[in-house]
Amino acid sequence: MQSEHDPYSIVLADDHALIRRGIKNIISQDDSLTIVGEVGDGESLLSFLAESTPDLLILDISMPKISGIELVEQLKERYPLMKILMLTMHTNKQYCYRSMHAGADGYVIKSDSEKELLLAIRKIREGRTHVSPQLAESFTEDLLTACRRRLDNPFGDLTRREKQILALVVQGYTSKVIAGKLNLSPRTVDHHRSNLLKKFNMKNSVDLVNHALRNGYATLE
């Protein structure tokens, strides 16, 4: 991997020589970037990386022998510091979701502009992620839909009483103390606590408290 002053090293993995040549021409526009290798299939890529690990791998999804998405998860486990940018013809957002879930740091479509590829490399180099503008709008719509549906977020489905009890549980109060504060019986409080565990799919109160604090459902005062 690079030191502070070394060029940013890149390996190209694409089964089409013309595509690799085009990518090299684009990358040559930036003197801080350098191509240190190119391969045409997954097995050749694994052999190359066993000898030398670049800062960035530009990887096609449709690779012979081993698909790009299959490779991402393996490579992220073996080389956690190496960044991976998917460069593909696939505009179906599911390919992008699968790639990013596997650990890819960016997703660019081959019909994107040269400027877009260089932008993606720069953002990944800075520790950020990048998604092709051809998919960005769809990503935003999916995110808004997920928020509206409150996917994996049961907090919006809690009753007012459950929210009160969750806040007090996070503060570390026992059922007996909570009962006194809310003028309820300890048995009723225990019933609400049980419901909270079920709604958040937690095994115990410690997990519930950690989850609530980590996701902003409650705060320590």
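The paragraphs below lead through a predicted model, beginning with its overall make-up and ending with a few individual loop residues.

The protein contains 10 helices and 6 strands, and of its 221 residues 39% count as buried. Among the contacts in the protein with a separation of 6 or more, 59% are accounted for by residues 24 or more positions apart.

The 6 strands form an open sheet whose order is S2-S1-S3-S4-S5-S6, with parallel pairing. Its edges are strand S2 (33–39) and strand S6 (130–131), each of which pairs on one side only. As a general matter, the strands of a sheet pair through backbone hydrogen bonds, either parallel or antiparallel. In this sheet S1 and S2 run parallel and are joined by 6 bridges, and one of the pairings places Ala13 opposite its bridge partner Val39 in S2. Further along the order, strand S4 (residues 83–88) and strand S5 (residues 106–109) pair in the parallel sense over 4 bridges, where Met86 has Tyr107 of S5 as its bridge partner.

Helices cover parts of this sheet. Helix H1 (residues 17–27) packs on the sheet, where it touches strand S1 (8–13), S2, strand S3 (56–59) and S4, and its direction makes about 170° with that of S2. Helix H2 (residues 42–51) lies across S1, S2 and S3, and runs at about 130° to S2.

How many of the 6 residues of S1 are buried? The count is 6 of the 6, so S1 is largely enclosed by the rest of the structure. The side chains of this strand divide into two sets, with Tyr8, Ile10 and Leu12 pointing one way from S1 and Ser9, Val11 and Ala13 pointing the other way, and all of them are buried.

Two of these S1 residues return in the surroundings of Ile121, a residue of helix H5 (residues 114–125). Because its relative accessibility is 1%, below the 20% limit for burial, Ile121 counts as buried. Leaving aside neighbours within four places in sequence, Ile121 is in contact with Tyr8, Ile10, Ile27, Leu33, Leu56, Ile58 and Leu85. Ile121 can also be placed relative to Lys83, from which it is 38 residues apart in sequence and 9.6 Å apart in space, C-alpha to C-alpha.

A second buried residue, Asp60, is found in the loop between S3 and helix H3 (68–78). Asp60 counts as buried because its relative accessibility is 3%. Which side chain makes a polar contact with that of Asp60? The partner is the side chain of Lys110, at 3.5 Å. Lys110 also belongs to the contacts of Asp60 beyond four places in sequence, which are Ala13, Asp14, Asp15, Gly68, Leu87, Thr88 and Lys110.

The helix that follows this loop, H3, takes part in a helix pair. In general, two packed helices are described by the angle between their axes and the distance between the axes. The axes of H3 and helix H4 (residues 93–102) come within 8 Å and cross at roughly 15°. Since angles under 35 degrees count as roughly parallel, H3 and H4 are therefore roughly parallel to each other, and their crossing is right-handed. In this pair Ile69, Val72, Glu73 and Lys76 of H3 meet Tyr95, Arg98, Ser99 and Ala102 of H4.

Some loop residues remain to be described. Ser52 has its place in the loop between H2 and S3, and it is partly exposed, with a relative accessible area of 36%. Ser52 and Val36 are 16 residues apart in sequence, while their C-alpha atoms are 9.1 Å apart in space.

Two asparagines stand out by their backbone angles. Most residues other than glycine have a negative phi. Asn183, however, has a positive phi of about 60° although it is not a glycine, and its place is in the loop between helix H8 (175–182) and helix H9 (186–199). Asn201 has a phi near 55°, likewise a positive value in a residue other than glycine, and is found in the loop between H9 and helix H10 (205–214). Are these residues buried or exposed? Asn183 counts as exposed because its relative accessibility is 71%, and Asn201 counts as exposed at 69%.

Methods
Residues numbered from 1 in each chain as written. Predicted model: local features only at pLDDT ≥ 70, side-chain atom pairs only at ≥ 80, totals over all residues. Heavy atoms only, no water. Pairing = 2+ DSSP bridges. Contact = heavy atoms within 4.5 Å. Axes fitted to C-alpha atoms, helices over the stretch in contact; angles between N-to-C directions. Buried < 20%, exposed > 50% of the residue type's maximum accessible area, 1.4 Å probe, protein only. Polar contact = N/O pair within 3.5 Å; in protein donor to acceptor, adjacent residues only side chain to side chain. Parallel < 35°, antiparallel > 145°, perpendicular 65-115°, else oblique. Left-handed = near helix turned anticlockwise from the far one by under 90°.
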